[in-house]
Amino acid sequence: MFRKIWPPAMVDTTNRLPPQHTEHRLITCIMPAGRGIHILERLQQEKGIVSASVHHARGVSTSSLGQRQFYFAEKQLVVALVEAERADEIFDFLYHACGIKEKLAGMIVMERLWRAAPLALARSQPPFDSEEC
Amino acid sequence: MKGREEIIVLTDAMLITCVVQRGAGQTVVDAAMEAGAQGATVFYAQGTGVRDKRLGVLGVTITAEKEVVLIAVPSDQADHIFERMYLAAKLDTPGMGMMYMSPLEKMATYVPQDLAARYGRHD
């Protein structure tokens, strides 16, 4: 009849949590605005990477200042969380897909992470539409 | 399969991230550029924390709107640029923001051909 409120029921979350230390890398790609959403789609469709996001930013550099640009370059950032084994492959893919090798295009960096939890998808939900590939 | 040209990868770099109140980002960028940084990326964010209870007058003087400054710098200049940014952002004042520096495993950007040829290849 009376619900027991103390002590609170202990919930075993051991199996639901990611390991204490995981081998993941965070890849951040800064590119001219307009490319971000296409890169996200390509990451998902061609590489199966869904743990990624895109947002806007403004960029300034010594090159743009030297050319007396008195406005900020509009940029987009794609941030992708990937497993360490695939980090180099995804780094190369993003480098080429984002056109980083062009002058004033941006840059791509990769960081080591201590602990990460990638985006989990429902079992019934495929990571991408296989018919599109 | 189409072959791809190899990527010139830079190592020994740090990524400095500085979170400041909206409007203070440009000051931090200017200080970093003066200290030797080659570029910066700035975006907006919203912050939360103990400001609601502890800082400012009734918590209203600390704006929740933030600017985040990202700067990739060579490792040997990182501390100098970090300190200049810290002072410019007045981060020793409570509630002004925070910053951190993390090592980059690698980075890549546009490298002019003459520069790449001058420094050669390091395996």
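Two residues are in contact here if their C-beta atoms, placed from the backbone, lie within 7 Å, and the legends below use the word in that sense for a predicted model.

**Figure 1. Helix 1 of chain B and the elements that its buried residues pack against.** In this view of the predicted model, helix 1 of chain B spans residues 25-34, and its buried residues are Gly25(B), Val28(B), Val29(B), Ala31(B) and Ala32(B). These residues lie on the same side of helix 1 of chain B, because they cover an arc of only 165 degrees around the axis. Within chain B, the elements they pack against are strand 1 (13-21), strand 2, strand 3 (65-74) and helix 2 (75-88), and strand 2 of chain A is packed against as well. Just after helix 1 of chain B comes Gly36(B), which takes a positive phi of about 120 degrees.

**Figure 2. Val28(B) and the largest nonpolar core.** When its neighbours within four places in sequence are left aside, Val28(B) is in contact with Cys18(B), Val20(B), Val69(B), Met85(B), Ala88(B) and Ala89(B). The largest nonpolar core has 51 residues, and Val28(B) is among those with the most contacts inside it, together with Ile16(B) from chain B and with Ile27(A), Leu94(A) and Ile108(A) from chain A.

**Figure 3. Strand 1 of chain A between its pairing partners, strand 3 and strand 4 of chain A.** Strand 1 of chain A, residues 24-32, is mostly covered, with seven of its nine residues buried. With strand 3 of chain A, residues 73-83, strand 1 of chain A pairs in the antiparallel sense over nine bridges, and in this pairing Ile27(A) has Ala80(A) as its bridge partner. Strand 1 of chain A also runs antiparallel to strand 4 of chain A, residues 107-113, to which seven bridges join it, and here His24(A) stands opposite Leu113(A).

**Figure 4. The contact between chain A and chain B.** Chain A gives 26 residues to this contact, while chain B gives 20 residues. On the side of chain A that touches chain B, the elements giving two or more residues are strand 1, strand 2 (52-61), strand 3, helix 3 (84-97) and strand 4 of chain A. Strand 2 of chain A supplies the largest share of that side, seven residues. Sorted by character, the residues of the side of chain A that touches chain B comprise 11 nonpolar, six polar and nine charged. Strand 2 of chain A also pairs across the two chains, in the antiparallel sense and over four bridges, with strand 2 of chain B, residues 39-46, and in this pairing the bridge partner of Val60(A) is Ala40(B).

**Figure 5. The two chains and the order of their elements.** Chain A has three helices and four strands, which follow one another from the N terminus as β-α-β-α-β-α-β. Chain B likewise has three helices and four strands, but its pattern along the sequence reads β-α-β-β-α-β-α. Of the 133 residues of chain A, 26% count as buried, and for chain B, with 123 residues, the figure is 26%. Among contacts in chain A with a separation of 6 or more, 72% are between residues 24 or more positions apart, and in chain B 76% of the contacts between residues at least 6 apart in sequence join residues at least 24 apart.

Key. Residues numbered from 1 in each chain as written. Chains lettered and ligands numbered in written order. Predicted model: local features only at pLDDT ≥ 70, side-chain atom pairs only at ≥ 80, totals over all residues. Buried ≥ 20, exposed ≤ 12 C-beta atoms within 10 Å, placed from the backbone. Pairing = 2+ DSSP bridges. Nonpolar A, V, L, I, M, F, W, Y, C, P; charged D, E, K, R; others polar. Core = buried A, V, L, I, M, F, W, Y, C linked by C-beta atoms within 7 Å. Arc of directions from axis to C-beta.
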